[in-house]
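Reader: I would like a close look at a single part of this protein, namely its aromatic side chains and how their rings are arranged. Please set that part against the confidence of the model and the other local features that bear on reading it.

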Amino acid sequence: MVGRLSFSFLFMLATAFIVAACGRQVTPNPPGLGSGGAPPGYMAVFYSVESPFNFSNYQYIVVLNTSGNGVTPSTQTVQTNWAGYYYAMVARGNGFSSSAEAVQFRRSTVNPHTPPAWLVLGTTPTTFSYNPNANGAGTEFSILAQRRVFASPGPSPTASPSNLWTFNAFVSQANGSGQWFFYDSLGSGGPNNPQFVSPTLCMTEPFDNTYYANVYVPPDPTAQITTLEIANNPVTPTPCP
């Protein structure tokens, strides 16, 4: 599987560069750019599916657990009380166009067992940019985001943001009641068990990792995740404890 990244960033990067999803760099990153072609302080995400995206029926989501508690976000939201759901990158649209947004999940202080509220974060093209057709085949989108977009405190309002993140990718359809209907995930059970178990991402270290979805094959190939690549380029790399 080959993915292509061609971000036209603020200061207008003149060079297009190609990234391969299996083992990655085919050409060097342009000067000043790091893992996945991300500038310092940014992360890059590449989300690939089996057949061209169907934004009329689905939304394509990467959920991030930035709390440091090690929980993997899963499709078993009711059973786990939305454990691990802190932030997300969401691509959605219709049959003609799509867009992406950064989301924070806000839990109710009155009844923490209700589904969290979906708060769309204010971003700019400087802090969050979206390429709906990163590989030219309509089966991969990419998002370039400043890490600080997802860097508010963890479980305690006064806690410092964690540098240890976990994640999962989903294909879902949402309705007005707040319930999600999942069609696929990175786990071998797809929308069901067994669930994907996320590795821990050290967000103060540079990395460029590709994760392959397991064996589940949904009926619709436009809802079948194939790979998720996450790359990170911290401003000042330091090892995690």
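Author: What follows takes up confidence, then the aromatic rings, and then some features of the loops and charged side chains.

The model is a predicted one, and the mean pLDDT of the protein is 84, with 79% of its residues at 70 or more. That confidence is spread unevenly along the chain: strand β9, residues 128–131, has the highest mean, at 98, whereas strand β2, residues 17–20, has the lowest, at 32. Over residues 1–32 the pLDDT stays under 50, although the model gives this stretch 71 contacts beyond four places in sequence. A second stretch, residues 153–158, also has a pLDDT below 50, and there the model shows eight contacts beyond near neighbours in sequence. Where pLDDT is low, the predicted coordinates should not be read in detail, and that caution applies to residues 1–32, where pLDDT is under 50, as well as to residues 153–158, where it is below 50.

Turning to the part you asked about, the structure holds 23 aromatic pairs. A pair of aromatic rings is described by the distance of the centres and the angle of the planes. For tyrosine 47 and phenylalanine 141 the centres are 4.9 Å apart and the planes stand at 15 degrees, which is why this pair counts as stacked, given that planes under 30 degrees apart are classed in that way. This contact of rings joins distant parts of the chain, since tyrosine 47 belongs to strand β4 (residues 42–49) and phenylalanine 141 to strand β10 (residues 140–146), with their positions 94 residues apart in the numbering. Both tyrosine 47 and phenylalanine 141 are buried, and both belong to one aromatic cluster, whose members are Tyr47, Phe53, Phe55, Tyr58, Tyr60, Tyr130, Phe141 and Tyr183.

Another pair is formed by tryptophan 180 and phenylalanine 182, whose ring centres lie 5.5 Å apart and whose planes stand at 55 degrees, so that the pair is tilted. Tryptophan 180 has a relative accessible area of 11% and is therefore buried, and phenylalanine 182, at 12%, is buried as well.

An aromatic ring also takes part in an arrangement with a charged side chain: arginine 107 lies over the face of tyrosine 86, at 5.3 Å from the ring centre. The count of salt bridges comes to one, and arginine 92 forms a salt bridge with glutamate 101, with 2.4 Å between the closest N and O atoms. Arginine 92 has a relative accessible area of 32% and so is partly exposed, while glutamate 101, at 17% relative accessibility, counts as buried.

The backbone deserves a word too, and one of the residues concerned is aromatic. Tryptophan 82 has a positive phi of about 60 degrees although it is not a glycine; this residue is found in the loop between α1 and β6, and with a relative accessible area of 5% it is buried. Asparagine 81, in the loop between α1 (77–80) and β6 (87–93), likewise has a positive phi, near 55 degrees, without being a glycine, but asparagine 81 is partly exposed, with a relative accessible area of 25%. Elsewhere, the peptide bond from asparagine 193 to proline 194 is cis, with omega near 0 degrees, and proline 194 is found in the loop between β12 (180–185) and β13 (201–202).

Key. Residues numbered from 1 in each chain as written. Predicted model: local features only at pLDDT ≥ 70, side-chain atom pairs only at ≥ 80, totals over all residues. Heavy atoms only, no water. pLDDT = per-residue confidence, 0-100. Helix = DSSP H or I, 4+ residues; strand = E, 2+ residues; numbered from the N terminus. Contact = heavy atoms within 4.5 Å. Buried < 20%, exposed > 50% of the residue type's maximum accessible area, 1.4 Å probe, protein only. Phe/Tyr/Trp six-rings, centres within 6.5 Å; stacked < 30°, edge-to-face > 60°. Lys NZ or Arg CZ within 6 Å of the ring centre and 35° of its normal. Salt bridge = Lys/Arg side-chain N within 4 Å of Asp/Glu carboxyl O.
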